[in-house]
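Visitor: Please walk me through this chain. Short answers will do.

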Amino acid sequence: MLIISGELDNTVPWAIANASYKQQQDNPGITEIAELKGRGHALTIDNGWQEVAETALIFLKRAV
């Protein structure tokens, strides 16, 4: 599981994303968290969505 958080996200702030990450640490699968600087909650629809996609692809290449 990859959790992607935006640094400026007020809808799901870092504390919530990080708590979800810590909760998933008990699962046997790979779990990672990434914080994208200068990004808000609308990660995939804002300008710069390519950075989100690239982050996910890099994770998938390591995990699969």
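Visitor: What share of the area that the chain exposes do carbon and sulfur atoms supply?
Guide: This is a predicted model, so the value is computed from predicted coordinates. The chain exposes about 4500 Å². Of that area, carbon and sulfur atoms supply 57%.

Visitor: Which residues form a nonpolar patch on the surface?
Guide: The patch has about 320 Å² of accessible area, counted for its members together. Its nonpolar side chains are joined within 5 Å. The members are Leu57, Leu60 and Val64.

Visitor: Is leucine 57 buried, partly exposed or exposed?
Guide: Leucine 57 is found in helix 2, residues 49-63. Its relative accessibility is 44%. Buried means under 20% and exposed means over 50%. The value lies in between, so leucine 57 counts as partly exposed.

Visitor: In what order do the elements of the chain run?
Guide: The chain has 2 helices and 2 strands. Reading starts at the N terminus. The order is β-α-β-α.

Visitor: What is the radius of gyration of the chain, and why does it count as compact as a globular protein of that length?
Guide: The globule rule gives 11 Å for 64 residues. The chain comes close to that, so it is as compact as a globular protein of that length. Its C-alpha atoms fill a box of roughly 35 × 25 × 15 Å along the principal axes. The radius of gyration is 12 Å.

Visitor: What percentage of the residues of the chain count as buried?
Guide: The cut-off is a relative accessible area under 20%. The chain has 64 residues. The buried share is 25%.

Terms used: Residues are numbered from 1 along each chain as its sequence is written. This is a predicted model: local features need pLDDT of at least 70, side-chain atom pairs count only at pLDDT 80 or more; totals for chains, interfaces and linings use all residues. Side-chain values use heavy atoms; hydrogens and water are left out. Patches are made of residues with over 30% relative accessible area and no salt bridge: like charges are joined within 9 Å, nonpolar side chains (Val, Leu, Ile, Met, Phe, Trp, Tyr) within 5 Å. Accessible areas come from the Shrake-Rupley method with a 1.4 Å probe; for residues, only the protein chains shown count as cover. A salt bridge is a side-chain nitrogen of Lys or Arg within 4 Å of a carboxyl oxygen of Asp or Glu. Helices (H or I, at least four residues) and strands (E, at least two) are DSSP runs, numbered from the N terminus. Buried means under 20% relative accessible area, exposed over 50%, partly exposed in between (1.4 Å probe, protein chains only). The radius of gyration is taken over C-alpha atoms; the globule rule is 2.2 Å times the number of residues to the power 0.38.
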